[in-house]
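Reader: Could you walk me through this model with me asking as we go? I'd like to begin with the nucleic acid and then move to the protein itself.

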2 protein chains.
Amino acid sequence: MKEGPDIARIAALIGDPARANILTALMSGKALTASELAAEAGVGLPTASSHLRKLEEGGLIALRKSGRHRYFTLSGGEVARVLEALMGLAAGHGHVRSRTGPKDNALRRARVCYNHLAGEMGVEMYQAMRARGFVTDEGGTLTLTQAGERFITGLGVDLATLPRSRAPLCRECLDWSARQSHLAGQLGRALFAQFIANGWARRTEGSRAIRFTPVGETAFARAFGRDGATVSTG
Amino acid sequence: MKEGPDIARIAALIGDPARANILTALMSGKALTASELAAEAGVGLPTASSHLRKLEEGGLIALRKSGRHRYFTLSGGEVARVLEALMGLAAGHGHVRSRTGPKDNALRRARVCYNHLAGEMGVEMYQAMRARGFVTDEGGTLTLTQAGERFITGLGVDLATLPRSRAPLCRECLDWSARQSHLAGQLGRALFAQFIANGWARRTEGSRAIRFTPVGETAFARAFGRDGATVSTG
DNA sequence: TCAATGCTTCGCCCATGATCGAAGCATGAA
DNA sequence: TTCATGCTTCGATCATGGGCGAAGCATTGA
C-alpha cells in the first residue's frame, strides 16, 4: 500500500552491522577517513568503501575530499537525531543489552552526540539551563534569553563568532540513555567546544565517551549543579 | 568497536520493505490481524506471519489474541516516534520521493500518527495551544495549564477519564512532513478521539489520512486558527 | 619517473533471509 | 463430529547483498 516516505530504504541502510558501526563512529562528530571507518566497522577496506558509497548515495553521510584522503561525516544533525532515537529503542526493548560494560557506563555519563554533549551530564546541563531561565521554549522554538546570553558569555563562549546561519541556535535532542532531552543546535555545539577549550573535558580516543577532568567536574557542577543555583553566591 | 546499543538489529527489522509496510500500516493506531497486514504489505500469509514473529521478538509490535484472530499493534509510542523520524529522513534526503500523489497531499495535511493528529493540522493545533499558553514547557516536560484544562474541557474532553498512568499527559512528536513538533501523549490522543467523536473528522478507510468534515474544518479553525485567538470574542 | 599511499572497482564466493506452496494445528460454527 | 477459518510451521527455492583478494586508478612525495 506504500503510504508516505520510503522508510525501508533508509532503515535498511542503517540496518547492516558494518554500516551501523560506521554511523555510530561518525556520531563522534569527527570527520573520518575510509580506512579509519573500515577499522571501526571491523571490515576490510573494499567492503567499507562499498558501504560508504551506499551511505552517501542514501544521503546519510557527506564526503569531503582532501588530497588523497576522503573524509566522511554525518550529513547533518537530523541523521544524528534519528540514530539517537534508534539507540533509545534498541536500549529499551532490546532484551537489556548483553552486559553493560564499564565503557557503556562512561557513555551513559557523558558522550558526544554528533557535536554536542549528551548523556547524563548533557541532560543535567540542559535542565539546569531551562530551570534557571537561560533557555526558554517560545511556542515551539528554543530561545536563548538575555540572562542566558550573559551566562554563556561568562563561560567564555563568544556568541558573535557563531555563524548566523538558518540552523537553529538551540535545539532539543532526545538522549538514548537518559531518555530525556539534551541541548543540541549551535549553542549545544558551542558549549561543548568551550568545555574542551577550557580543559574541562577531553575526548576519549576512538570512542564517543567524554572524560571530564577533576577541575572540569567541579566547574561543571558549579555551573550546572542543582546546588549551583542557590549556593553560587553563598 | 560496537559502542552503545545495537541499532543495526532494530534498523534491519524496519529495513525490509514488507516489514516497513506492516509498521506503516500499524501507524494508523488500529489493531490489525495477520491477514490484513499481509495484504497491506503485499506478501503472502506465511511470509507476513514470519515477519510478524520477528517484529514481535524485536519488541516493535505487540500481540493480543482474541478468539482465532491475532491482533497486532505497535508496541508503544516510542516506536511510532522513531518511525516518524525515519520518515522525515526519507522524505528529506530521499531524492524527493517519486511523485507526490494526491494521497500524499492528504497525508501531509492531516493524518494519524499512532493515536494522535499529525500533519499540518497537527502542527497548527500544537502551536496554537502553545501560543495561547494552554500547554507550557516546564523544564523539559510539557504541562497542561489551568487555562488549557478549561479549553479542552470546552471541547468536550473529560480529563478525569484519562488513565492516570505513568505515561506522560503531553508529549512532543516530530512531524515528518511539516518538520515541526505536534502534540502526542495522552492529551494528543484524547483530543484526536474527541475530533472523531464530535464528527469533526473521519478516518479514511485503509489509510492514515484524516478527512475533516466541512463542519469540522470550521470548528477546528475557530478553535486553533491564527485568527481564532483574537476573533473568538469578536 | 618511480614508488608509496589511499581508496575504488572487479570478480567471485557464500551466507542470509525473503518468499511461497503444502501441510499442520488451533478455534469457532454448523 | 464435521467443516471452515485464521494462522503457523515446514521445506525448498532463489535472489540479494556482504565479504574479501587482486588489480586498477589517483594523488602525493622523492
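Reader: Which residues come nearest to DNA strand D?

Author: Bearing in mind that this is a predicted model, there are 21 residues around DNA strand D, and the ones that come nearest are A:His51, A:Lys54, B:Ser35, B:Ser49 and B:Arg70. On the DNA side, sugar and phosphate make up 73% of the atoms of strand D that come within 4 Å of the protein.

Reader: And what is the make-up of that surface by class?

Author: The surface near DNA strand D has 8 polar, 7 charged and 6 nonpolar residues.

Reader: Which helices and strands supply it?

Author: Chain A provides at least two residues from each of α2 (17-26) and α4 (45-57), while chain B does so from each of α3 (34-41), α4 (45-57) and β3 (69-74).

Reader: How far is the side chain of B:Ser49 from a phosphate oxygen?

Author: An N or O atom in the side chain of B:Ser49 is 2.4 Å from a phosphate oxygen of DNA strand D. For the side chain of A:Thr47, the corresponding distance to a phosphate oxygen of that strand is 2.9 Å, and at B:Ala34 a polar backbone atom is placed 3.4 Å from a phosphate oxygen.

Reader: Switching topic, how is chain A related to chain B?

Author: A turn of 180° with a shift of 0.1 Å along the axis lays chain A on chain B with an RMSD of 0.1 Å, which is the relation of a two-fold axis. The copies meet through the same surface, because 98% of the interface residues of chain A are also interface residues in chain B.

Reader: Is α2 of chain B mostly covered or mostly uncovered?

Author: Helix α2(B) is mostly covered, with 9 of its 10 residues buried; among them are B:Arg19, B:Asn21, B:Ile22 and B:Leu26.

Reader: What caps its N-terminal end?

Author: The cap on α2(B) is B:Asp16, which has a side-chain oxygen 3.0 Å from the backbone nitrogen of B:Ala18.

Reader: Last one, what is the strand order in the sheet of chain B?

Author: The order is β1-β3-β2 in an open sheet of 3 strands with antiparallel pairing. Both β1 (32-33) and β2 (61-66) stand at the edges with a single partner strand each, so one side of each is left without a neighbour in the sheet. The antiparallel pairing of β2(B) with β3(B) runs over 6 bridges, and B:Ile61 stands opposite B:Leu74 in β3(B).

How values were computed. Residues numbered from 1 in each chain as written. Chains lettered and ligands numbered in written order. Predicted model: local features only at pLDDT ≥ 70, side-chain atom pairs only at ≥ 80, totals over all residues. Heavy atoms only, no water. Least-squares fit on C-alpha atoms with pLDDT ≥ 70 in both. Contact = heavy atoms within 4.5 Å. Near = heavy atom within 4 Å. Polar contact = N/O pair within 3.5 Å; in protein donor to acceptor, adjacent residues only side chain to side chain. Helix = DSSP H or I, 4+ residues; strand = E, 2+ residues; numbered from the N terminus. Nonpolar A, V, L, I, M, F, W, Y, C, P; charged D, E, K, R; others polar. Buried < 20%, exposed > 50% of the residue type's maximum accessible area, 1.4 Å probe, protein only. Pairing = 2+ DSSP bridges.
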